[in-house]
Amino acid sequence: MSEHLPALQVVVPLLGAVLAALVRRPGPAWLITVVVSFATPVIAAMLLVQVLDGGVISYHLGGWDPSVGIEYRVDIVNALILLLVSSVAAVIAPFARLSVLSEVPDDRVAWFYSMYLISLAGLLGIAITGDAFNAFVFLEVSSLSSYALIAMGRDRRALVAAYQYLIMGTIGASFYVIGVGLIYTMTGTLNLGLIAERIGDVESTRPVLVALAFIVVGISLKLALFPLHVWLPNAYAYAPSVATVFLAATATKVAIYLFARFVFSVFGAGFVFSDLPVTEILVVLSVAAIFGASTVAIFQSDVKRMFAYSSVGQVGYITLGLSLATVTGLTGGLVHLVNHAMIKAAIFMGLGAVFYRVGKIEFDDIAGVGRRMPITMSAVVIACLSLVGVPGTAGFVSKWYLIVAAIEVGWWWLGLLIVLSSMLTVIYVGRFFECVWFREPAGEVARAGEPPLEMLVPICILAAATVYFGIDTELTAGMAERAAIVLLQGVR
């Protein structure tokens, strides 16, 4: 059984999605989702242990040789991503029952869980596959199901948001597959490992340069890199709460992993960052994302939309770490990838609990909610402090690595910009604190109370994780550093 764990990592949620669609009833569909969501992190943890003990895992689907077949390849880099995505899904599952029932029409609930599990399978497939075209297939699987998840809410604006995401996502996927096609014509293979071996002989040719451009732009659309982020704020703001939590914590993170895998493992950082002006371009876009999105977030009236713009800025921190192409920079980027997934899952889950009790999420509509839901809002406050980068939280660890990385390459001004950018986060987070804690409850808020334990416990677990991983960084920063070293081994 253990030798088939790579296949089971994707097959289990796919089978769960089929079962959830067949039962057609909310209760059984949710139960199937819970079982699958708890099984996937167990499989991911077993794969991680195998990688730590025995090195890279190579699984050949159907027994075909990787040169002609599909290979699932697990190393320390994607083992970390698999564990992150599946663990987030496990925490979301208990929270989902009441939230989905309150926000999704009854006749769509089972389909919602089916789409959720298909999206989970697609994201896990992107992370585990060692085949460039297979990654495209899983990219489309996860994207199409994500569009459906966003559109299933009761708010009609969700349909427009899903359509906008569909258009941008289709453009991104088209760019990606064009790039993969060009690589195939130059190397004769779709296997990422074999491409990396052969691309050195043709890396300076025009088709390969065009392929790199298409792939980078295509994936950048998926990960919402500024200025290709326009689909994200509406998608997060109008999707059902569970969909927002899941997509914010996983979808962009997996896209960033795919970006890093191609740039470092396939093309090689020596070619991408030394021979081409990618560092300069990526640093400029990342800084623009951090400051631009954070500034826009300050002026939002919808709380979910504010934190959606915040996510665009936080993606900028991650890509900033990748752009430095050093062990410390990559470590900072990868550890912020993990930490931000926990932080935003906690924040959006807390907002989902508020929406469950109040029915609205505008600033004026949730004024004083901290007084009526103190445990929920305290957990969200802890996550927000981590978002700022307060010492003792996971967010501080991320920004520390990024600042150190900037200083190591002699860019002290970049370290200063990272510190200054946190002040913008303080402003919009402070605005949120003032609204929920220092105003008098009125209307629906005055009658609100804490959500049921099945919603409250997952929120508290995520908030506690942001503190724990700010103190014990072995699993996050330690694993991220090992992953960074593996990625940089592709440097030529």
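Leaving aside its neighbours within four places in sequence, which residues is His336 in contact with? In this predicted model, the residues that His336 touches beyond those neighbours are Gln314, Tyr317, Ile318 and Ser398. His336 itself belongs to helix H13, and because its relative accessible area is 1%, where anything under 20% counts as buried, His336 is a buried residue. With one of these partners, Ser398, the contact involves the side chains, which are joined by a polar contact of 3.1 Å.

Helix H13, which spans residues 327–358, follows a loop that separates it from helix H12, residues 303–324, and Ala325 is found in that loop. The backbone of Ala325 has a positive phi of about 55°, although this residue is not a glycine. Ala325 is partly exposed, since its relative accessible area of 22% falls between the 20% limit for buried residues and the 50% limit for exposed ones.

A positive phi in a residue other than glycine is also found at Arg24, where the value is near 65°. Arg24 lies in the loop between helix H1, residues 5–23, and helix H2, residues 26–54. Helix H2 is also the place of Ile32, a residue that counts as buried because its relative accessibility is 18%, under the cut-off of 20%. Apart from neighbours within four places in sequence, Ile32 is in contact with Gly16, Leu19, Ala20, Val23 and Leu117. As for Arg439, which is 407 residues away from Ile32 along the chain, the C-alpha atoms of the two residues are separated by 42 Å.

Another backbone feature appears in the loop between helix H8, residues 206–223, and helix H9, residues 232–238, where Pro227 is found. The peptide bond that leads from Phe226 to Pro227 is cis, and its omega is near 5°.

The last stop is a pair of helices, H15 with residues 374–388 and H17 with residues 412–437, whose axes are 9 Å apart and which pack at an angle of about 170°. Because angles over 145 degrees count as roughly antiparallel, H15 and H17 are roughly antiparallel to each other. On the side of H15, the contact is made by Pro374, Met377, Ser378, Val380, Val381, Cys384, Leu385, Leu387 and Val388, while H17 contributes residues including Thr425, Tyr428, Phe432, Phe433 and Trp437. Sorted by class, this contact of H15 with H17 has 15 nonpolar residues and three polar ones, with no charged residues.

Key
Residues numbered from 1 in each chain as written. Predicted model: local features only at pLDDT ≥ 70, side-chain atom pairs only at ≥ 80, totals over all residues. Heavy atoms only, no water. Helix = DSSP H or I, 4+ residues; strand = E, 2+ residues; numbered from the N terminus. Buried < 20%, exposed > 50% of the residue type's maximum accessible area, 1.4 Å probe, protein only. Axes fitted to C-alpha atoms, helices over the stretch in contact; angles between N-to-C directions. Parallel < 35°, antiparallel > 145°, perpendicular 65-115°, else oblique. Contact = heavy atoms within 4.5 Å. Nonpolar A, V, L, I, M, F, W, Y, C, P; charged D, E, K, R; others polar. Polar contact = N/O pair within 3.5 Å; in protein donor to acceptor, adjacent residues only side chain to side chain.
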